[in-house]
Amino acid sequence: MDPQTYMDIATIVTKLKMYPYFDIAHYILMCVAVREDVLPQQAQSTPSLPFSRKHPLSSWLSSMLICFAGSIIANFLLGEPVITPFKDHQSIITATAVWYLVNYSPFDLIYKLCKFLPIKLIICVLKETQRAHKVYHGVLVAAKLYPGSYLIIVIIGTIKGAGSGLMKNFDRLTRGIWIPGSNEVLQPSFATKASLVASIIFLCERLNLIAVPHPLIYFGVVLFFVYFKISSVVLGIHDPFVPLENLFCAIFMGGMWDALRRAAIKEPAKEDENKDPRNDVIKSKEEKKKD
């Protein structure tokens, strides 16, 4: 591709407005995730009656918490009102309309369309583009409030991009589910890890450590999100960071030394197992002859 053409496309992507199409894609995926999260709990008791039919208020509140999770948690950490995201009536009405269609459309048509692979891929592309936008603006907001606090800037950017995973435990509480062993800190998802990497890249750009035009960096992050999301949906590659994490832990987190220690402990045991008991009998007979 011609470099100028690539630069023009990157500039257009940088200036895209998120509302309504990109935000709607985000709301669709979040409402579908909430709906599917309660299905295992309903399978044993009332499989024919979804949770949204029995508890519509809880389902709506849970969906809204997930839809605006990044802003809620970021505002809480930055000392701003956590209810601020709900003052935008346009976004609340749009998210509510999406929640209603995903859960109550005739013959479950909207939900089935969202699960149809070609449509799901389009929704995922729009959602990942919005994720890059959220991470970048989270880094901007935190950099204005705490210019020299690089850790805070990275944390806020990560939360803006992947707040739904961090909100999951509290969101489940509103639906009567408590699974403390599945929180995002114990088992971080790829979205959280990718948002962390993107936050660091945008921070390095602000510090002039990356001598590349901003549109190219932004477009590169978008492509990074989109590529691995499509790989996850189509090919089942859920976390490409796992091999790097295993290598890092083996070298710097004691994995290599633990392996050496286990090998050193097992070797004497193997020598004892391979020892022939007849040798001990022969040695004892020779000692008696000497006596």
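A polar contact is a pair of N or O atoms within 3.5 Å, and inside a protein one of the two must be able to donate a hydrogen and the other to accept it. I write this down before anything else, for my entry on Asn103 depends on it. I also note that I am reading a predicted model.

**Entry 1: the chain as a whole**

I began by looking up the secondary structure, and I found 14 helices and zero strands. Of the 291 residues in the chain, 36% count as buried. I then looked at how far apart in sequence the contacting residues are: among contacts with a separation of 6 or more, 73% are between residues 24 or more positions apart.

**Entry 2: Asn103**

Where does Asn103 lie? I found Asn103 in helix α6, which runs over residues 89–104. Is Asn103 buried or exposed? Its relative accessibility is 3%, and because buried means under 20%, Asn103 counts as buried. The side chain of Asn103 reaches the backbone oxygen of Trp99 at 2.8 Å, a distance that I could set against the limit of 3.5 Å in my opening definition. When I left aside the neighbours within four places in sequence, I found Asn103 in contact with Arg35, Ser52, Arg53 and Ser59.

**Entry 3: the nonpolar core**

Next I looked up the largest nonpolar core, which has 55 residues, and those with the most contacts inside it are Phe68, Met167 and Phe202. Helix α8, residues 117–145, gives the most to this core, with nine residues. I followed Phe202 further and, leaving aside its neighbours within four places in sequence, I found it in contact with Ala132, Val135, Tyr136, Val139, Ile217, Tyr218 and Val221.

**Entry 4: helix α5**

I turned to helix α5, where the buried residues are Ala69, Gly70, Ile72, Ile73, Ala74 and Asn75. What covers them includes α4 and α9. Just after α5 I came to Gly79, which takes a positive phi of about 80°.

**Entry 5: the annotated spans**

I checked the UniProt record, an unreviewed entry, and its annotation "transmembrane region" covers residues 57–78, 138–159 and 216–235. For residues 57–78, I found the span to be 91% helix and 0% strand, with its end C-alpha atoms 29 Å apart. For residues 216–235, I found 95% helix and 0% strand, and here the end C-alpha atoms are 27 Å apart.

**Entry 6: backbone angles in the loops**

Most residues other than glycine have a negative phi, and most peptide bonds are trans, so I went looking for exceptions in the loops. The peptide bond from Tyr19 to Pro20 is cis, with omega near 10°, and Pro20 lies in the loop between α1 (3–14) and α2 (21–45).

Asp108 has a positive phi, near 60°, and its place is the loop between α6 and α7 (109–115). Asn208 also has a positive phi, near 60°, and I found it in the loop between α10 (190–206) and α11 (214–234). Why does Asp108 count as buried? The relative accessibility of Asp108 is 19%, which falls under the 20% limit, and therefore Asp108 counts as buried. Asn208, by contrast, has a relative accessibility of 69%, and because exposed means over 50%, Asn208 counts as exposed.

**Entry 7: the largest pocket**

I then looked for open space, and the largest pocket has a volume of about 1,100 Å³. It is lined by 36 residues, and those nearest its centre are Met30, Ala33, Ser164, Lys168 and Lys229. Which element gives the largest share of the lining? I found that α2 does, with eight residues. The helices that each supply at least two residues of this lining are α2, α7, α8, α9 (150–173), α10 and α11.

**Entry 8: the cavity**

How many cavities of 30 Å³ or more does a search of the whole structure find? The search finds one, and the volume of the largest cavity is about 70 Å³. Its lining has 13 residues, of which His26, Gly70, Lys134, Gly163 and Ser164 are the closest to its centre. Two or more lining residues come from each of α2, α4 (56–67), α5 (69–77), α8 and α9, and the largest share, five residues, comes from α9. I close by noting that Ser164 is listed near the centre of the pocket and also near the centre of the cavity, while Gly70 of the cavity lining is one of the buried residues of α5.

Note on methods. Residues numbered from 1 in each chain as written. Heavy atoms only, no water. Core = buried A, V, L, I, M, F, W, Y, C linked by side-chain atoms within 4.5 Å. Buried < 20%, exposed > 50% of the residue type's maximum accessible area, 1.4 Å probe, protein only. Helix = DSSP H or I, 4+ residues; strand = E, 2+ residues; numbered from the N terminus. Contact = heavy atoms within 4.5 Å. UniProt positions renumbered as here; feature names shortened; annotations may be inferred. 1 Å grid on protein atoms, 1.4 Å probe; cavity = no way out; pocket = protein on both sides within 12 Å on 5 of 7 lines; lining within 4 Å. Points joined across faces, edges and corners; volume = space filled by probe spheres on them.
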